[in-house]
Amino acid sequence: MGKKVSSLGKTYLTLGFIFLYLPILILIIFSFNESKLVTVWGGFSTKWYGELLNDKQMLGAAWMSFKIAFLAASSAVVLGTMASIVMVRMGKFKGKAAFASMITAPLVMPEVITGLSLLLLFVAMAQTIGWPAGRGMLTILIAHVTFCTAFVAVVVSSRLREMDVSLEEAARDLGAPPWKVFFLVTLPIIAPALVSGWLLAFTLSLDDLVIASFVSGPGSTTLPMVVYSSVRLGLSPKINALATIIVLLATTGVLTAWWLARRVETQSVNLPTGDS
Amino acid sequence: MSWGRKSVISVPYLWLTLFFLVPFVIVFKISFSEMDYAIPPYTDLFTWADEQLTLTLNLGNYAYLFTDDLYIRAYLSSIRIAAIATIICLFVAYPIAYVIARAPSATRNALLMLVILPSWTSFLIRIYAWVGILKNNGLINNFLMWLGIIDQPIAMLNTEFAVYVGIVYAYLPFMVLPLYTNLMKLDNSLLEAASDLGAPPWKVFLTVTLPLSKAGMIAGSMLVFIPSVGEFIIPDMLGGAETLMIGKVLWQEFFNNRDWPVASAVAIVMLLLLLLPITLFHRYQARELEN
Amino acid sequence: MTQDSQPMLEIRQVSKNFGGLTAVKEVNLSINKGEIFALLGGSGCGKTTLLRMLAGFEIPSAGAIFIDGEDISQIPPHKRPVNMMFQSYALFPHMSVAQNVAFGLKQEKNKLSKPEIAKKVLELLTLVRMQDFAQRKPDQLSGGQRQRVALARSLAKKPKVLLLDEPMGALDKKLRSQMQLEVVDIIESVGVTCVMVTHDQEEAMTMANRISVMHDGEIMQVGTPSEIYEFPNSRHTAEFIGSVNIFDATVTQLEADYTRLSCADLHVPIQVEAGVNAPLGSSLGIAVRPEKITMSQVKPELTDNWLTGMVEDIAYLGGHSVYYVKLASGKRVMTIGTNNDRHEQKVTWEDTVYLYWSITSAVVLYR
């Protein structure tokens with residue numbers, strides 16, 4: 001596409017960004033509100049941050065969510081990368097169409113359906129083979145790995161398709177066995193996609209309320225579940241404080257990753273192209 | 001097939017089969033059983049008595065869905081709300097994607113980043129933010145009353161309007177992204193050719209840009225529509241008791257009534273309704289994979 | 001062409017800057033009605049930018065463009081009486097061949113009726129011999145067929161000037177030479193004035209009546225194909241069009257009907273016809289095309305214009321061979337020998353040979 005943005009376009013874009021960011025900005029501002037009312041300003045205070053840090057339940061849930069998200073993202077990157085290689089590099093095989101649908105369907109599947117179906121699976125498995133014995137961190141982890149795998153697969157396979165196949169062919173031609181080709185050539189080239197896939201999976205897992213509510217058990221309460229039960233009781237500045245911390249962490253994380261990726265990109269593809 | 005190839009295929013294949021496909025079979029099975037006050041709270045389809053295996057299929061759950069008009073209304077209003085929200089989203093997102101795709105390449109990435117960035121923070125908390133903005137003594141009403149435009153607060157929270165706002169807000173990036181990808185792929189020389197052949201800018205847009213971005217519009221719409229139909233958090237937090245959506249019904253059936261078989265039947269019917277849009281989306285994804 | 005009739009296309013002092021970069025520098029050109037004119041140059045020479053300014057996709061930073069006497073520099077592309085055939089053809093993938101060709105006709109202010117448009121589309125498709133493919137989509141056509149459709153589409157509105165951007169760029173070599181003549185036939189049968197951009201000298205020489213050689217945003221030389229080849233005015237043009245040997249020489253003797261120069265590569269002076277436009281002692285380039293040089297194993301009985309060296313390399317090309325002769329000074333000189341005898345290879349590697357040329361063969365290069 002072209003390179004001209006009209007002033008109308010700029011105005012529209014600005015309005016779009018105000019729509020996207022104003023609610024978050026308001027949330028942050030009222031996290032410093034002295035008053036317990038989240039919509040009326042009562043003076044500056046950081047007391048809600050203090051209360052947040054003393055909330056044992058909240059901290060415990062946050063730690064639980066963090067552990068699950070870390071493990072789920074890491075496993076999903078492995079499974080998702082394998083799935084992308086199967087999709088992009090393995091050619092045709094029996095059942096590939098079914099495999100492709102199992103990768104794309106979780107992207108749009110309503111969470112209530114995924115949550116319910118996984119719960120019923122875990123119950124049925126516990127009944128027939130006695131595993132998993134109870135529901136808790138493990139079942140949440142399995143559920144998260146499953147839907148995160150689909151997202152990682154989308155991110156990684158798009159990078160894999162862009163990659164020049166002749167690089168892999170050159171490595172094979174020079175005598176490297178398939179697994180070595182993957183670890184020495186493919187993996188380093190698609191590494192940025194693995195990082196963004198991991199970050200995406202981590203965020204999705206950290207963010208999930210619905211699926212976790214279905215498959216969790218006693219003693220495995222995640223952060224979104226605590227937040228949900230707290231906001232059901234009404235607005236609380238403590239949640240605003242939590243939101244501010246999450247926004248801060250997510251923004252730094254994403255911007256750092258983005259900056260790193262851009263630096264790598266500008267270093268490698270800064271070649272002049274095109275005609276006069 | 002070599003051993004290595006087989007194992008690379010089978011690991012993700014088996015995982016997804018066991019944890020994505022098989023669960024639907026079980027939901028399907030349980031939708032035909034009866035609620036029972038036991039653990040687990042449903043009856044078994046197969047019974048072993050008098051050396052005979054008996055299969056009891058109970059269609060009562062499905063019959064129930066169609067007799068109590070709560071369910072039919074919930075399905076219909078879910079589809080209606082999701083469809084309207086998707087269309088609003090498309091109209092809001094298209095110009096954003098268009099302007100970003102036409103921006104100079106240096107700022108393009110940064111603008112796209114700004115669109116995606118909110119999605120990296122908690123979905124729940126972003127919806128929660130709108131509660132404070134939309135409620136009767138919330139920011140919008142306070143502001144309008146302060147300006148003197150209104151003297152009674154306008155009820156916005158716990159209405160369908162709030163649900164539209166929530167869906168558009170939360171799903172906007174999912175609409176912008178495929179549209180942007182699609183518009184970026186659009187060959188600039190096609191636009192120049194249309195203009196060279198005498199089409200003024202608005203006509204270039206209608207005759208070339210718009211038809212060629214159809215795939216992106218379909219993908220984006222499906223990415224918004226399908227999850228919106230089964231959305232729980234948004235109608236629960238913003239829609240109030242008045243707004244009927246099937247995701248909320250399923251949740252209540254499961255957690256409040258503890259009726260797993262009916263919840264399963266609700267899920268199966270929802271899945272059937274979404275089969276066509278999911279297939280559409282899958283076809284687009286598959287085409288993307290090929291190119 | 002009478003002297004007083006005005007040119008169809010006139011480019012006056014046109015420049016284009018992108019940021020700090022000058023892509024096109026003060027270009028002046030005047031192109032006559034019915035002419036096929038080629039802008040020839042390497043990548044980055046500004047030829048494409050100049051073409052895009054004619055189409056209206058770029059606005060000149062300075063200067064003006066006149067078509068049929070009217071200044072069109074500020075008119076947007078969709079209002080210009082100019083149509084372009086794009087390098088990639090830019091056929092609309094969602095429209096059939098017929099719809100593509102009809103697109104321009106449908107945009108006209110006094111729109112033709114549907115049957116009239118259909119009739120015109122058929123005429124155009126017949127002109128390019130694509131009438132049997134009217135309902136096909138572009139992705140169901142071969143490269144050559146796409147090009148014909150693109151040509152028909154750009155001719156549909158009867159433009160005053162037809163622009164061709166690297167017309168053969170997307171075709172393979174064999175199809176290229178066939179299509180070059182076909183496209184010229186079609187353009188000449190329609191009688192449209194045509195400006196084409198190409199980096200391929202052979203294409204420019206085959207298709208165009210006149211060629212302008214561009215380099216670094218400037219026009220180096222304008223002329224007919226043979227003028228450009230036989231009388232290059234600069235080292236760049238001489239080297240860009242065909243192969244050439246260039247000797248650095250100093251003027252030693254200036255007469256009215258001949259000039260003598262000394263060159264370190266030769267033991268004897270170089271002599272060119274007529275006096276050169278430079279003072280004694282000035283340094284000039286002397287260009288001699290390989291096919292103008294005669295090779296012999298016998299020392300020629302000449303006072304000027306010969307040199308000697310050893311055959312370093314021979315490139316056998318079928319009809320002729322190219323000989324690379326290394327001089328004592330280290331310079332390599334290229335010459336061509338016709339292979340008119342099937343068995344005998346008179347000259348071979350490491351042979352000492354004498355090369356000479358006539359006084360009329362060398363061209364003086366001032367810059």
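A salt bridge is a side-chain nitrogen of Lys or Arg within 4 Å of a carboxyl oxygen of Asp or Glu. The exercises below apply to a predicted model.

**Exercise 1.** Determine which residues form the salt bridge between chain B and chain A, and how far apart their closest N and O atoms are.

*Solution.*
Step 1. The count between these two chains is 1 salt bridge.
Step 2. The partners are B:Asp236 and A:Arg232, with their closest N and O atoms 3.6 Å apart.
Step 3. The cut-off is 4 Å, and the pair therefore qualifies at 3.6 Å.

**Exercise 2.** Describe the interface of chain B and chain A: how many residues are in contact, and what area is buried?

*Solution.*
Step 1. Chain B places 98 residues in contact with 90 residues of chain A.
Step 2. The size of an interface is often expressed as the accessible area lost when the parts come together.
Step 3. Between chain B and chain A, this area is about 8400 Å², with 80% of it on carbon and sulfur atoms.
Step 4. Polar contacts across this interface join 12 residue pairs, both residues being at pLDDT 80 or more.
Step 5. On the side of chain B that touches chain A, helix 1 (residues 3-30) of chain B gives the most, with 20 residues.
Step 6. The residues of that side comprise 75 nonpolar, 17 polar and 6 charged.

**Exercise 3.** Describe the interface of chain C and chain B: what area is buried, and which three residues of chain C supply the most of its share?

*Solution.*
Step 1. The contact involves 22 residues from chain C and 18 residues from chain B.
Step 2. About 1700 Å² is buried between the two chains, and carbon and sulfur atoms give 61% of this area.
Step 3. Of the area that chain C buries against chain B, 32% comes from C:His78, C:His94 and C:Gln107, more than from any other three residues.
Step 4. The rule finds 1 salt bridge here; C:Arg52 and B:Glu192 form it, their closest N and O atoms lying 2.5 Å apart.
Step 5. On the side of chain C that touches chain B, at least two residues each come from helix 1 (47-55), strand 6 (82-85) and helix 2 (97-106) of chain C.
Step 6. That side of chain C divides into 12 nonpolar, 6 polar and 4 charged residues.

**Exercise 4.** State how strand 19 of chain C pairs with strand 15 and with strand 16.

*Solution.*
Step 1. Strand 15 (residues 294-296) and strand 19 (residues 352-356) of chain C are antiparallel, with 3 bridges; C:Ser296 has C:Tyr354 as its bridge partner.
Step 2. Strand 16 (residues 306-316) of chain C also runs antiparallel to strand 19, joined by 5 bridges; here C:Leu307 is partnered by C:Leu355.

Terms used
Residues numbered from 1 in each chain as written. Chains lettered and ligands numbered in written order. Predicted model: local features only at pLDDT ≥ 70, side-chain atom pairs only at ≥ 80, totals over all residues. Heavy atoms only, no water. Contact = heavy atoms within 4.5 Å. Buried area = accessible area lost by both parts, 1.4 Å probe. Polar contact = N/O pair within 3.5 Å; in protein donor to acceptor, adjacent residues only side chain to side chain. Helix = DSSP H or I, 4+ residues; strand = E, 2+ residues; numbered from the N terminus. Nonpolar A, V, L, I, M, F, W, Y, C, P; charged D, E, K, R; others polar. Pairing = 2+ DSSP bridges.
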